[in-house]
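Visitor: I have a structure to look through. Could you take me through it?

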Amino acid sequence: MMSVRASRLLPLALPLATLATSSSLRLAAPLASTTTCFRPIAYHRVPLQRICAANQRVSRAMAASAAVEASSATGNPLITDSPFPAYSEVKAEHVVPGIRALLAELHAEVDRLEASVEPSWEGLVQPLERIVDRLSRAWGTVSHLKAVKDTEELRKAVEEVQPERVKLSLRLSQSKPLYEAFKAIKEGPAWAGLTEAQQRIVDGELRDFVLGGVALEGEKKERFNEIQQELSQLSTKFSNNVLDATKAYKKLLTDKKDVEGLPESALALAAQQAVKEGHEGATAEGGPWLFTLDMPSYFPVMTHAKNRALREEMYRASITRASSGDINNEPIIEKVLALRQEKAELLGFKNFAEVSMASKMATLETAEDLLEQLRAASYDAAKRDLQDIQEFAAEQGFEGELAQWDVSFWAERLKEAKYSIEEEQLRPYFALPNVLQGLFGLAKRLFDVDIEPADGTVPVWQEDVRFFVVKKGGVPKAYFYLDPYSRPAEKRGGAWMDEVCGQSKLFAREGENVRLPVAHMVCNQTPPVGDKPSLMTFREVETLFHEFGHAAQHMLTEQQEGLVAGIRGIEWDAVELPSQFMENWCYDRKTLYSFAKHYESGEPLPEELYQRLLAARTYRAGSMSLRQVHFASVDLELHARFQPGQGESVFERDQKVAQRTTVMPPLPEDRFLCAFSHIFAGGYSAGYYSYKWAEVLSADAFAAFEDAGLEDEAAVSETGRRFRDTVLALGGGREPGAVFKDFRGRDPTPEALLRHNGLLPAAA
């Protein structure tokens, strides 16, 4: 997902998705797992634009469709057949009655299906897909609103009804009649006549029945279900605690000396935040300034503030979030790990890592082999990075050894000195409206699709949310929402993409072949300040491209079987391929210059700045790679070998892993695990290695364009169409290794990743 900075400076406020990428018909993902990727740096805003006459016609047509469907609904805006949820109407009070009524209907449908199930596509898979689709769209709306518009009332509603939702998921996971029907399809004469995608669905379902406990009986089954319920509740509680801890920290400064070194953009944001907290008249020039642990506020302090005491305070606050008092996640971590281990043993596995790997490309051994290969390639480079920063700081008058809260500050100063480039120099050239225009132009160049604004045609959850239609051959192919800005009071940190609904021929309306896919992309960029548009850092640009890669795979799918269309059914360690692939285009000259224009003058990015940007691309690449290797290694260690309740804490085990995977040991009081939402409230438990695994795939995929020639437009276009028709089009209907081979003509190798990062060993 993201090439994160070295050291432990960036807290992991990362929501992530499991539900959308599961091939399973059963929805056992916890509520907190609503994102496919994290990226704790990105933030922006776009004023609503005027819509052309054509889009107004689209608007009227869609509004009419929505009105017809709303009139046939139960009156609860949460329950609708529309692919566009009534986000602006759904309130906390709708959740409990709406979900309970829906669950009652779905239990009755399962009763009928189990009583009359036939081992055929029409008699088993299609009715089951209808059941799951109704639940996923309603619960998906609740889950999404909790992520972007959280309230105490919504939390209470979710806590009340979530056990009932999990109960249905467990029932489906353990239905013997449905399991036997899937086995009959697999073993019967009709198997040979199924398509590859249909066979993938059946195989995935049989696997997930086993992982869902279908073979368990009596007390073991009862205990398994208790564990699933408790894990769901703990996941939600963990996520709530991280959000509450992030919101709780506020640092108000009134003395100009205390904010020395911070760029104007950071001061303006801090003043704007102070105004929101009741300090009327706050200005960027005179203060007061309010800082938080939300990334747009936190990161500039760590990289620019000369006030070392401020950096230390905020760093310590960040690495100890949700680790004390009523919102202490430490006991939750211990309980989650113990429950996952018990669950694994009930299912016949040695540890939870084996359970996780059962539905991935990698095995525990191959995942750890890759991490060791990357660790070995990165470690010495990371040591040199730290040594270079230490020496540079000493040359500038710094005395003593660098502390954790010094590294990013002095690394940024060294980068400025070495490459004569500053993030603040680039911001004026990366206004969000221009970046979107460039991103959509790239989608046209590579994938031959047009993306047009359709704001105002569907309900949205917040006034800054954008809505777009994706057209292929002049007709709609998909739709997506974009929620770009940070709202720390109500919105989780990080950046993610998830589905609203997936493509499926089963839900095609009259006169159509399929129901079109709908996605949402959520970022946490710095909002506009004053009359300026959202001016992005380069990392924020990469974040937006990253999330669009996920969305593109969801929206440009050609699979018509809904259970493997788009991002569904793809092995988890391959889902980051398209997202990380898209990041590479931010450095491509033609792509960058399509949007890198000064927001006031319209002048293009100066050539010398572009060359410096290219030169700085591999700056601290070893440190960034090693940081991700550490997170992935800790994740696997906790889920494969750590035993809770044996006298050793998770933090002590983290410190042991760090002896091999960090060049600056974490502080003894470091509690970053208490905010590691990826593995304790998301879909990456025993799966964080997936970022590096998929990065190998994505780098090798981009190398195909390099081989073809990035200056050769015909070759870029041809290769882009091939990427679209394989990686993006085939979804979960084909094994990802085979999909990659369809595109690349061979199996992947890590050579391109190491080359892009400047980590290949020098030629002898």
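Guide: The following exchange covers confidence, a sheet with its helices, and one histidine.

Visitor: What kind of model is this, and what does the pLDDT average for the protein chain?

Guide: This is a predicted model. The protein chain has an average pLDDT of 89, and 90% of the residues score at least 70. Over residues 1-73, however, the pLDDT is below 50. That stretch has 288 contacts in the model beyond near neighbours in sequence.

Visitor: On to the sheet. What is the order of its strands?

Guide: The order is β3-β4-β5-β7-β6, in an open sheet of 5 strands with mixed pairing. The edge strands, each pairing on one side only, are β3 (450-453) and β6 (496-501). From one strand to the next, the twist averages 25°.

Visitor: How many bridges join β3 to β4?

Guide: There are 4 bridges between β3 and β4 (residues 466-472), and the two strands run antiparallel. Within this pairing, P453 has F468 of β4 as its bridge partner.

Visitor: And how do β4 and β5 pair?

Guide: They pair in the antiparallel sense, over 7 bridges. R466 has L482 in β5 as its bridge partner. The hairpin of β4 and β5 has 2 residues between the strands, and G473 takes a positive phi near 65° there.

Visitor: Why is β4 described as largely enclosed?

Guide: Of the 7 residues of β4, 6 are buried, so the strand is largely enclosed by the rest of the structure.

Visitor: Which strands does helix α16 lie across?

Guide: Helix α16 (residues 432-447) lies across β3, β4, β5 and β7. It runs at about 150° to β5.

Visitor: What about α3; which strands does that helix lie across?

Guide: Helix α3 (residues 121-148) lies across β5 (475-485), β6 and β7 (518-525). Its direction is at about 150° to β6.

Visitor: Changing topic: where is H546?

Guide: H546 is in helix α17, which spans residues 538-555.

Visitor: Is H546 buried or exposed?

Guide: H546 is buried: its relative accessible area is 0%, and the cut-off for buried is under 20%.

Visitor: Which side chain does the side chain of H546 join in a polar contact?

Guide: The side chain of H546 is joined to that of E576 by a polar contact of 3.2 Å.

Visitor: And what separates the C-alpha atoms of H546 and Q580?

Guide: The separation between those C-alpha atoms is 5.8 Å, although H546 and Q580 are 34 residues apart along the chain.

How values were computed: Residues numbered from 1 in each chain as written. Predicted model: local features only at pLDDT ≥ 70, side-chain atom pairs only at ≥ 80, totals over all residues. Heavy atoms only, no water. Pairing = 2+ DSSP bridges. Axes fitted to C-alpha atoms, helices over the stretch in contact; angles between N-to-C directions. Contact = heavy atoms within 4.5 Å. Buried < 20%, exposed > 50% of the residue type's maximum accessible area, 1.4 Å probe, protein only. pLDDT = per-residue confidence, 0-100. Polar contact = N/O pair within 3.5 Å; in protein donor to acceptor, adjacent residues only side chain to side chain.
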